[in-house]
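The following exercises are to be worked with the sequence and the three-dimensional model in view. Each task is followed by a solution in steps.

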Amino acid sequence: MTRPPVLVDEPTYAYMEKWAADHGSDMKCIAEVGCWFGGGTQRIWEGLKRSEFAARGGEYHCFDRWVASRRGARKAATGGVFYSGPHLDVAEGEDILPYFTRFTDGLPLTIHQEDDCAGGPPWHGPPPDWFILDACKQTRAKVLRRFYGDFVPKGTIITLLDLWWLSCREQRKWAKWATREGYLECISDSPQWIFFRVTSPCPVEIRS
Ligand SMILES: C[S@@+](CC[C@H](N)C(=O)[O-])C[C@H]1O[C@@H](n2cnc3c(N)ncnc32)[C@H](O)[C@@H]1O
């Protein structure tokens, strides 16, 4: 499969690939929000292929607006911090879903192209066993609120990806708050990612 441009570093992708390989057989539904050109989707599926996920009818839901922002177009053309893969010339405002489908060709994905993933109706689909969020930081809490009612207590794993996770004070504060209140339990973190397990049934509020 041709590699797309990526913004996430190799150790993070390797960790997610291994996580998918190790846990794919226990999962029925995965939701990934903020897929861009599909770099993460590809790697997660490399792990899932070593599990029984697809054979057991697992569903993989992909959410994004798939419209190139000015910054996104610049990064695709010139490279981000962890950029690798081909450079792509896309215009600001261009629909990049065709690139995503090309890079993930043949994978059994359910595509949700939404202008604002933070503003959609509550999910009410199959409960995600793994929820991967790499959309913009500002709307992250809203996205979580949208899906939270369907998360499985003591089951769902939430992965937040962010280049500057540990250097972003607000997010660090949020993670501390959520774990202190007992909504989430941190099971793995690095400067680039944090993995939580959902602990309590449904919080009154998930604050940013
Ligand atoms: C940093 S990129 C994701 C990189 C990707 N995870 C990878 O592995 O290459 C962020 C993505 O989130 C999407 N996005 C950000 N905010 C969004 C929103 N509110 N609604 C829909 N998509 C959003 C952007 O379109 C972009 O594709």
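**Exercise 1: Two residues with positive phi**

With 22 C-beta neighbours inside 10 Å, W66 counts as buried. The model under study is predicted.

Task: Locate W66 and H124, state the backbone angle phi of each, and decide whether H124 is buried or exposed.

Solution.
- Step 1. W66 belongs to the loop that joins β2 (59–64) to α3 (70–78). Its phi is near 50 degrees, which is a positive value in a residue other than glycine.
- Step 2. The burial of W66 follows from the count: a residue is buried if 20 or more other C-beta atoms lie within 10 Å of its own, and W66 has 22 such neighbours.
- Step 3. H124 is found in the loop between β3 and β4. Phi is positive for H124 as well, at about 55 degrees, although H124 is not a glycine.
- Step 4. A residue counts as exposed if it has 12 or fewer such neighbours. H124 has 9 C-beta neighbours inside 10 Å and therefore counts as exposed.

**Exercise 2: The sheet**

Task: Give the order of the strands in the sheet, and explain why β3 and β6 each have one side without a neighbour.

Solution.
- Step 1. The protein has 6 helices and 7 strands. Read from the N terminus, its elements follow the pattern α-β-α-β-α-α-β-β-α-β-α-β-β.
- Step 2. An open sheet of 7 strands is arranged in the order β3-β2-β1-β4-β5-β7-β6, and its pairing is mixed.
- Step 3. β3 (110–113) and β6 (184–189) stand at the edges; each has a single partner strand, so one side of each is left without a neighbour in the sheet. From one strand to the next, the twist averages 20 degrees.
- Step 4. Strands of a sheet pair through backbone hydrogen bonds, in either a parallel or an antiparallel sense. The pair formed by β1 (residues 29–33) and β4 (residues 130–133) is parallel and extends over 4 bridges. Within this pair, V33 has L133 of β4 as its bridge partner.

**Exercise 3: A helix contact**

Task: Describe how α1 and α2 cross, and name the residues that make the contact.

Solution.
- Step 1. The axes of α1 (residues 10–23) and α2 (residues 39–48) come within 6 Å and cross at roughly 35 degrees. The crossing is right-handed.
- Step 2. From α1, the contact is made by Y13, M16, E17, K18, W19, A20 and A21; from α2, by G40, R43, I44, E46, G47 and L48.
- Step 3. Sorted by class, the residues of this contact comprise 7 nonpolar, 2 polar and 4 charged.

**Exercise 4: The surroundings of S200**

Task: State where S200 lies, how it is classed by exposure, and which residues it touches.

Solution.
- Step 1. S200 lies in the segment after β7 (193–198).
- Step 2. With 15 other C-beta atoms within 10 Å, S200 is partly exposed.
- Step 3. Residues up to four places away in sequence are not counted; S200 then touches P153, G182 and Y183. S200 and V152 are 48 residues apart in sequence, and their C-alpha atoms are 8.7 Å apart in space.

**Exercise 5: The ligand shell**

Task: Which residues come nearest to the ligand, and how does the shell divide by class?

Solution.
- Step 1. There are 19 residues around the ligand, of which G34, W36, G40, C117 and A135 come nearest.
- Step 2. The shell consists of 10 nonpolar, 4 polar and 5 charged residues.

Methods
Residues numbered from 1 in each chain as written. Predicted model: local features only at pLDDT ≥ 70, side-chain atom pairs only at ≥ 80, totals over all residues. Near = placed C-beta within 6 Å. Nonpolar A, V, L, I, M, F, W, Y, C, P; charged D, E, K, R; others polar. Pairing = 2+ DSSP bridges. Helix = DSSP H or I, 4+ residues; strand = E, 2+ residues; numbered from the N terminus. Axes fitted to C-alpha atoms, helices over the stretch in contact; angles between N-to-C directions. Contact = placed C-beta atoms within 7 Å. Left-handed = near helix turned anticlockwise from the far one by under 90°.
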